[in-house]
Structures are given as structure tokens and as C-alpha cells.
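Me: I have a model open on my screen and would love to talk it through with you. Could you take my questions one at a time?

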Amino acid sequence: MKREAAKSKATAVLPEPASVAWPLACDQPASGSPRPFLKWAGGKGQLLGDLRELVPGTYGTYFEPFLGGGAVYFELKPQKAFLNDINAALVGSYLNVKRRPDAVIERLRLLQDEYLGAPEQARAEMFYRVRDEYNVLPDHTPQKAACLIFLNKTCYNGMYRESSTGQFNVPFGKYRNPRILDEENLRGASALLAGAELSSAPFEAAVCQARKDDFVYFDPPYHPLSQTSSFTSYHARDFAEADQERLRDVFVDLAKRGCLVMLSNSYTEFVRDLYRGFHQHTVLANRAINCKATGRGKIKELVVTNYRP
Ligand SMILES: C[S@@+](CC[C@H](N)C(=O)[O-])C[C@H]1O[C@@H](n2cnc3c(N)ncnc32)[C@H](O)[C@@H]1O
């Protein structure tokens, strides 16, 4: 029941792409293969250098309860990990890349061949056909994983957005020559994921098994910078201040258990107050902060740790 409520929150109606200034994922290739195979909103690709400096030198099991594209996971490549995201289709894609890479690759190759061999109008029609298919397929099938990767590479800005009824509804992206299938990377990801347990649950449930000296990295939807921007109103609906407070309580509980905990969030008074008493570090990120070109720039973000890096 609780899980249902959380899921329905995660599928809230979002503004149209023309008006939304989305926190674009800027996933630069991580050092060496495998790299993230999905581009995800709020991706940490551009901050990997800074985050690496803040990661503990040694730790037991790695936990990432808000996985998204998993930029930090793929950078650290831990041998043992618990990975989670409330988005069941997203987790389904990781599960299939892990267990059935051949089936995902085979399906993706068919999609890539059809797409690259077609003129633009036919590409758009194909995109919408695959999007319809994606929306009716069960979450944990290799077909759905392949559709998600295909849509991620060919949709507008690599966004992931669902309607109020949980349908993926991002429009066609008109890319000339997108790299839809990166077989070597998917095989590398599959090998790395062999050491990971995957779940799709609210963040609290995803850290039940964390023990002393385990490392937990939280990258939740960010607290809004202001109450007015479209970017922040999306987050405000999706992950409210009460959720941020529950997350702080989980952070404190893990710290008491002897875990090493790191969290990224926006640099706001609200978040700084929540984590007063913990180590607070600032990093600079390139983010779209409003819908105008001038709204892009470097902004301060906060990283909190319960240990001195
Ligand atoms: C900022 S993104 C993570 C980005 C990721 N670190 C990356 O590099 O791509 C936040 C993720 O949290 C997930 N999420 C939102 N609410 C959640 C909840 N209550 N529990 C678990 N995951 C949640 C979203 O589906 C989204 O994928």
C-alpha cells in the first residue's frame, strides 16, 4: 500500500518540455568502461571528480537508493552493491542488462538498424510506435529494457517523464546519428551488475541491510532553489520537504549505525539546516536553472558527509 502511494507520487504530471528547464544530465564518460547506459535527469557525470574526493577511502558494501543513471556507481565500480530506485521500469532495465544482456542487445540492434535506416518522418513514426509498446510492456522484460534504452537515446533531451497515468510521454528528439546500441558497454555493465542487488522501493526500505562501515550515497530529487521556477515546482510536487526530512532522519539513523553516508542536494538554507552538525561541502555544477539560454550556468550544490573525507 505504502509502496503504491510512493509510486504514484513518482509519476506526477510534469510540465511540457518546451517550458520546463530540466536539470539536464551531463554524463561525461566515466573513466573506463562500463559507463552509465542511460542519461538521467540530475545525473552526476559532471561532478564525478569532486564527488570522488569526498568518497571514503575504504568501505564495505555500496548502497545507492536513488540510482537514476548511476553515474557514481559506474565511477566507483564497487564489487558489492545494493542499488535502488522507485522507478520500476528503470530498475527493470538494470535487471535485464544484468541477467539477459544478449536479449537486450539483440532487441536493441533491431531497433537501431530500423531507426538508422529510416528517413526522419519514418524515424518519428517508429519512435512513437516504440513509445506505445514501452507503455504496455511489463516492467521486467528485456523488450522493455531495450525500448527504454532506445527511447532514452532518441527522445527529446534524453528526458524521462511520465503522465499522471504513468505513461512515458517525452516527444521525439530528432537526433541525426544517435548511438543507440553500445554493445561493449552493455556487456561491461552486465558484468559489473553481477555484484549488485537491485530493488525498486522507497529509499527507506533500500537501506535496511546497511551495516557498520558500509557506504551509502543518497542523490535524491533536489530541494527547490526557489518556489517559482518550473524546474523546482516539479521537484516540489515529486519530493516534498516532508520527504527531505524523512531522508535526513534515515541519514542520522545510518550514521548512528556506523555507516559512512554521503548525500548530494541543492545549496539551500532548508537543506543546510537539515544537515547542521554534519560535514558540508560545496561543489559547482552546470545546471539549467530556467528555460532561457541565459539561465544556464554554474551553481553551488551541497554535499553532506558524516565523516571527514
Ligand atoms: C537525482 S535522480 C538520481 C540521479 C543519479 N544519481 C544519476 O547520476 O543519474 C533521483 C532519482 O530518485 C528516484 N526517486 C524519487 N523518489 C524516490 C523515493 N522516494 N525513493 C527512491 N527513489 C526515488 C527518481 O526516480 C530518480 O531516478
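Reply: Happy to! One term to begin with: a residue is near a molecule if its C-beta atom, placed from the backbone, lies within 6 Å of it. Please keep in mind that this is a predicted model.

Me: Which residues come nearest to the ligand?

Reply: The ligand has 22 residues around it. By class, that shell holds 13 nonpolar, 6 polar and 3 charged residues. Those that come nearest are G42, F66, G68, G69 and A71.

Me: Thanks! How many helices and strands are there in the protein?

Reply: Let me set the scene with the chain as a whole. The protein has 309 residues, and buried ones make up 43% of them. Among contacts with a separation of 6 or more, 70% are between residues 24 or more positions apart. As for the elements you asked about, the protein has 11 helices and 7 strands.

Me: Are α4 and α8 roughly parallel or roughly perpendicular to each other?

Reply: Helix α4 covers residues 88-99 and helix α8 residues 183-193, and their axes come within 7 Å. These axes cross at roughly 95°, and angles of 65 to 115 degrees count as roughly perpendicular. The two helices α4 and α8 are therefore roughly perpendicular.

Me: Which residues make that contact of α4 and α8?

Reply: By class, the residues of the contact of α4 with α8 divide into 5 nonpolar, 1 polar and 1 charged. On the α8 side you will find L186, A189, S190 and L193. On the α4 side they are Y94, V97 and K98.

Me: What about α6 and α7: at roughly what angle do their axes cross?

Reply: Helix α6 spans residues 120-136 and helix α7 residues 142-154. The two are oblique to each other, and α6 passes α7 in a left-handed crossing. Their axes come within 10 Å and cross at roughly 140°.

Me: Which residues of α7 does α6 meet?

Reply: The contact of α6 with α7 has 7 nonpolar, 1 polar and 3 charged residues. From α6 come F127, V130, R131, E133 and Y134. In α7 they meet K144, C147, L148, F150, L151 and T154.

Me: Last one: does G297 count as buried or exposed?

Reply: G297 lies in strand β7, which runs over residues 296-305. A285, 12 residues away in sequence, is 7.9 Å from G297, C-alpha to C-alpha. A residue is exposed if 12 or fewer other C-beta atoms lie within 10 Å of its own. G297 has 11 C-beta neighbours inside 10 Å, so it counts as exposed.

Notes: Residues numbered from 1 in each chain as written. Predicted model: local features only at pLDDT ≥ 70, side-chain atom pairs only at ≥ 80, totals over all residues. Axes fitted to C-alpha atoms, helices over the stretch in contact; angles between N-to-C directions. Helix = DSSP H or I, 4+ residues; strand = E, 2+ residues; numbered from the N terminus. Parallel < 35°, antiparallel > 145°, perpendicular 65-115°, else oblique. Left-handed = near helix turned anticlockwise from the far one by under 90°. Contact = placed C-beta atoms within 7 Å. Nonpolar A, V, L, I, M, F, W, Y, C, P; charged D, E, K, R; others polar. Buried ≥ 20, exposed ≤ 12 C-beta atoms within 10 Å, placed from the backbone.
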